[in-house]
Each structure stands twice: as structure tokens, then as C-alpha cells.
Amino acid sequence: MLLPRRTVLRPLGFSPSGLHFRLCLHNQAGFVFTQTKAYIFKRGFTIAPSSASSPHSKWALLGAGVALAGTSAFLFMSEEKFGGIQTIFVPSKEDYQNVYTEIARLLIEMDEYDDGSYGPVLLRLSWHTSGTYDKTTGTGGSNGATMRFAPESDHGANLGLVHAREFLEPVRKMFPWITYSDLWTLAGVAAVQELGGPTIPWRPGRQDADSTACPPDGRLPIASKGPPHLRAIFYRMGFNDREIVALSGAHALGRAHTDRTGYEGPWDFSPTVFTNEFFRLLVEEEWLKREWDGPLQYTDKTTKTLMMLPTDMALIEDAEFKPHVERYARDSDVFFQEFTDAFVKLLELGVPFKGQGRDRWVFERSE
């Protein structure tokens, strides 16, 4: 008989090596462990997890997260509360809601970044950690959170994302059971929702990897390029032209920095509010080449305070992209829905989930 999650059966017996327990979770994977060893077995396959631990918590993580029915199980030991007895912790939706809520709280309290919010850079982190996926090789994507390591952390497209990673470290210390892969993508969801964007369904199940899994440089869009480059980058991930335009709408948030990308300025007048203004301005404003010492970028004729990248201008120069730009400029609801669909897909590329898409959760926004 299957037991509810977080349930431990009675002891099977005593032995010189310690007290043994057997656990049974919803996917019928079994766990047998002692005070010193942990073994996970399923359909005849047995592994011995490593003994990594977090110095920032009274909980000691004894093994890697194990993907179970679209979520993860984590083996912890607490000397303080359990006297050395180990236990399985399977995070629930409520647990992930608590992570989301803490991210949202910090977004409000830590308002010293850029235009008053870390939200845009959190969205960029989730986008860039996911946008390295290659459907042909199955490499890259959000699974792994390999931007924690060089060389990926030093890739030109990722300059400045250290601010987002450092912002999330206190959250990781508060909830040491969540993988960086899940944390970074959930932070992107929180950024969109907390800054007024659409509701983004999300599900856990990503596992962290080491530096050997870092994807090669050059998999993210290069701002100076045109339509052929955009298609090469996004088609590699499995996106179509409509999804390329929808995901470009992430430029509704944030601004460019000369010390990171070489470019400078916000895309619209409300860089901390998620709207369809990026598309409306692309269509309605007249854009001029900016006269300055930096790389080619465009500025609005009206105020000369906004900017567009060559890849942004490509969206209205290309005959296949432009109709989608115009649709999104006319109808915010259409943009929100199609961005949601494309963004969910982006965050899940290459992730070996155990469950189905219906297992996704929607998190409550902060009040």
C-alpha cells in the first residue's frame, strides 16, 4: 500500500550498523537507509548518493534530489531534532509557494537595484539559463544550473547575472532542499508575476549538475544580429517564429548596461512593469540610429531616452515576425497568453520530468 508523502514506516529491525527504515513513495521507488549509508533503488537499479552538506543549515543533505512524479525527494539528517535518524523530505506545492513568497518579499524589500527592482535581472537569469538548450544534442537548458561555474558564468551574454545569482543565495540558504535549477526558474516566474505580468504555470524536477555540463558559448542571441541569427538560435531550441517574437517581449522589463552588453538604456518607460509596451513602441515610435561611441543601437525620435537593439528592430523588419509584433501591440491579452506558453516551454526545455504538463502549479502573488 502506498503511503502519503513524508511518511516513514515503522522500523524493520535493529542491527549493529544502526536503525533501518524502509520508505515507499508514490512512484513505488523504495528507499532503504541506515545512519551511515543511503541507497535508492528502483526496478533493480541501485545507487549510493554522495554526502554533500550545506554549512548554512542545521539540515544535512545526504543525497542528491531524486525526481519522483514530477517533483523531487531529498534525504536529510537532523542531529538536533532526530538524533541522527534520517528522513525523506518530498517538497509539496506549499513548500514551493513558500520559496516563491520569499522571493517576492525580497523583490519588495531590496529595491536598490537599477530602476527599483531585481525582477528584470531575475527574469534574465531564468531566460539565459534555459536558452542554451540544443534539441539535437539534448544539452543545455535550465536543468543543471551550470551558470554557477566557469566558463558559462563568464560568457559574454551572462555578464551581470551574478547580481541575480547573489540575490537568490539567501533564499537558497533558507530552503536548502531546492535545487538551483528549480530556484532560478521559479525566480523568473516570480519576476514576471510580481511585476504585473501573466500567471506562469511551473513545475519542479530539475537537478543540478557540475561544470562538465556547461554548454559552449554562443548559444544565446547576439544583439547585433538580424533575423537569420534569431531563427538559428531559437529553431535550435525548437521554437517557431511566433514564439520568437513572444519571448522577445521579455524586453518589457529592465535595461541594457554598457559594462555588460555594451548597450545602454531601457526599452520602454516602465522597465519594472511587465506590459506589451515594448511591441507598441516598436510599431508606433520612429526609431533612429543613436549617434554615440557604442555599438549600433536605436533611440526613439520623441524623447531620445529609450533604446532598441538590432535584434529588436529585426522583429519589424522581417515579414514573418512583424505580424506577431503588430498583434501583440494591439492586444495585451494575446501577448500575455502567448508569452506564457512560450516561457513555460523555455523553462522546461531538456528537463526529464517524470509527470505530465498537468502537474504544473500556479503560485499566489504577493498582496
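Here are a few notes to help you find your way around this structure, which is a predicted model.

1. **The largest pocket.** A good place to begin is the largest pocket, which holds about 800 Å³ of space. Its lining is made up of 34 residues, and those nearest the centre are Arg124, His128, His251, Trp267 and Leu309. By class, 20 of the lining residues are nonpolar, nine are polar and five are charged.

2. **What builds the pocket lining.** Which elements give two or more residues to the lining of the largest pocket? They are helix 3 (119-130), helix 6 (227-237), helix 7 (241-248), strand 10 (255-256) and helix 9 (310-317). Helix 3 gives the most, with six residues.

3. **Helix 3 against helix 5.** Helix 3 is also worth following away from the pocket. Its axis and that of helix 5 (residues 180-194) come within 8 Å and cross at roughly 135°. Helix 3 is therefore oblique to helix 5. The crossing of helix 3 past helix 5 is left-handed.

4. **Helix 5 against helix 11.** Helix 5 has another crossing to look at, with helix 11 (residues 332-348). Here the axes come within 11 Å, at a crossing angle of roughly 165°. The cut-off for roughly antiparallel is an angle over 145 degrees, so helix 5 and helix 11 count as roughly antiparallel to each other. Helix 5 passes helix 11 in a right-handed crossing.

5. **An open sheet.** Now turn to strands 12, 13 and 14, which form an open sheet in that order with antiparallel pairing. Strand 12 (287-289) and strand 14 (307-308) are at the edges, each with a single partner strand, so one side of each has no neighbour in the sheet. Strand 13 (residues 298-300) is joined to strand 14 by two bridges. Tyrosine 298, for example, has methionine 308 in strand 14 as its bridge partner.

6. **Two spots in one loop.** Most residues other than glycine have a negative phi, and most peptide bonds are trans. With that in mind, look at the loop between helix 3 and helix 4 (162-174), where proline 151 has its place. The peptide bond from alanine 150 to proline 151 is cis, with omega near 10°. Alanine 145 is found in the loop between helix 3 and helix 4 too. What is phi of alanine 145? The value is near 50°, which is positive in a residue other than glycine.

Terms used. Residues numbered from 1 in each chain as written. Predicted model: local features only at pLDDT ≥ 70, side-chain atom pairs only at ≥ 80, totals over all residues. Heavy atoms only, no water. Pairing = 2+ DSSP bridges. Helix = DSSP H or I, 4+ residues; strand = E, 2+ residues; numbered from the N terminus. 1 Å grid on protein atoms, 1.4 Å probe; cavity = no way out; pocket = protein on both sides within 12 Å on 5 of 7 lines; lining within 4 Å. Points joined across faces, edges and corners; volume = space filled by probe spheres on them. Nonpolar A, V, L, I, M, F, W, Y, C, P; charged D, E, K, R; others polar. Axes fitted to C-alpha atoms, helices over the stretch in contact; angles between N-to-C directions. Parallel < 35°, antiparallel > 145°, perpendicular 65-115°, else oblique. Left-handed = near helix turned anticlockwise from the far one by under 90°.
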